[in-house]
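Let's walk through this structure together, from the overall fold down to single residues. Keep the 3D view open as you read.

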Amino acid sequence: MTSIFPDISLSTDRLVLRPFDAADIPALAEMMNDELITAWTSVPHPYTTADARDWALVRAPAERTEGRGIVFAVTEFLTHRLVGVVHLRHTDWRTLAAEVAYAVAPWARGEGYACESVVAVAQWLFRDQKFERLELRTAADNTASQQVAQKVGCISEGVLRNACIARSRTEDGGWTDIRTDLIVWSLLPEDLDEMEEQYSGGTDYAAAFPDWR
């Protein structure tokens with residue numbers, strides 16, 4: 001029988017991580033058309049309302065129910081505005097390992113939301129779900145994503161050469177695919193414990209790390 005994650009929501013001081021619903025569709029479509037998200041992910045471009053509806057109501061729920069992972073819509077606690085997405089994927093239930101991917105809306109960058117949400121998911125994954133490894137993969141030139149990996153306590157394990165297809169702007173304003181390296185990072189329960197001990201007094205993510213994305 002396939003193992004699945006529970007259908008849950010997570011909370012931090014500033015954020016609520018929950019399943020997507022129909023009300024998120026317009027904000028999701030707007031967010032996913034951002035140039036940085038287009039460049040560093042494989043989402044369709046342009047990203048239509050139909051794409052957002054398919055993701056929010058069909059594909060994201062199936063990640064959980066079919067045992068592949070779980071998708072969280074990340075929202076501000078006070079405004080309920082969609083901040084971004086955190087996606088646990090490629091889950092290996094035998095080794096208790098998963099990969100995390102994340103994206104943040106352009107208006108919400110620089111607030112530390114990516115790190116805050118990834119830490120919340122990691123805490124839940126390690127402590128409640130008893131997982132032993134969380135993996136991140138960042139394109140070699142995606143420095144913002146690499147900063148997230150570093151600041152949450154991840155360890156760089158090596159480079160997968162020529163393993164990623166990203167997108168780059170062409171002279172006529174279009175997009176073209178480019179190959180690039182992938183940096184592999186990992187976070188283990190003890191790594192997260194060390195990071196939390198370092199900031200045991202509480203972390204103002206945005207003030208401490210203003211360039212986090």
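Helices (H or I, at least four residues) and strands (E, at least two) are DSSP runs, numbered from the N terminus. This is a predicted model, in which local features need pLDDT of at least 70 and side-chain atom pairs count only at pLDDT 80 or more, while totals for chains, interfaces and linings use all residues. Residues are numbered from 1 along each chain as its sequence is written, and side-chain values use heavy atoms, with hydrogens and water left out.

Let's begin with the whole chain. It holds seven helices and eight strands. Its radius of gyration is 17 Å, close to the 17 Å that the globule rule gives for 213 residues, so the chain is as compact as a globular protein of that length. Here the radius is taken over C-alpha atoms, and the rule is 2.2 Å times the number of residues to the power 0.38. Along its principal axes, the C-alpha trace spans about 50 × 40 × 35 Å.

How much of the chain is buried? Of the 213 residues, 47% count as buried, where buried means under 20% relative accessible area, exposed over 50%, and partly exposed in between (1.4 Å probe, protein chains only). The chain exposes about 10,800 Å², with carbon and sulfur atoms supplying 49% of that area; the areas come from the Shrake-Rupley method with a 1.4 Å probe, and for residues only the protein chains shown count as cover. Among contacts with a separation of 6 or more, 66% are made by residues 24 or more positions apart, a contact being heavy atoms within 4.5 Å.

Now to the interior. A nonpolar core is a set of buried Ala, Val, Leu, Ile, Met, Phe, Trp, Tyr and Cys residues joined through side-chain atoms within 4.5 Å. The largest one has 37 residues, of which L88, W124 and L134 touch the most other members. Helix α4 (residues 113-128) gives the most to this core, with ten residues. A second, separate core has 19 residues, including M32, A52, V71 and A73. If you centre your view on L134, you will find it touching L88, A98, E99, V100, A122, L125, F126, W185, S186 and L187, with residues up to four places away in sequence not counted.

Strand β4 (residues 82-92) makes a good next stop, and H90 is found there. V85 also lies in strand β4 and is buried, with a relative accessible area of 9%. Leaving out residues up to four places away in sequence, V85 touches F20, L28, M31, V71, F72, V74, A101, Y102 and A103. V85 and R18 are 67 residues apart in sequence, and their C-alpha atoms are 9.7 Å apart in space.

T91 belongs to strand β4 too and counts as buried at 14% relative accessibility. Beyond its neighbours within four places in sequence, T91 is in contact with F5, G67, R68, G69, A97, A98 and F131. H90, by contrast, counts as exposed at 57% relative accessibility.

Moving to strand β3 (residues 70-76), we meet T75, which counts as buried at 3% relative accessibility. Setting aside neighbours within four places in sequence, T75 is in contact with R14, L15, V16, R18, H80, R81, L82 and V83.

Over in helix α6 (residues 189-198) sits D191, which is buried with a relative accessible area of 13%. D191 touches G153, I155 and S186, residues up to four places away in sequence not being counted. The C-alpha atoms of D191 and C154 are separated by 7.0 Å, although the two are 37 residues apart along the chain.

Finally, a look at the backbone. Most residues other than glycine have a negative phi, and most peptide bonds are trans. Which residues are joined by a cis peptide bond? They are H45 and P46, with omega about -5 degrees, and P46 is placed in the loop between α2 (35-40) and α3 (49-65). H90 has a positive phi, near 50 degrees. N162 also has a positive phi, near 55 degrees; it is in strand β7 (residues 155-169) and is partly exposed, with a relative accessible area of 41%.
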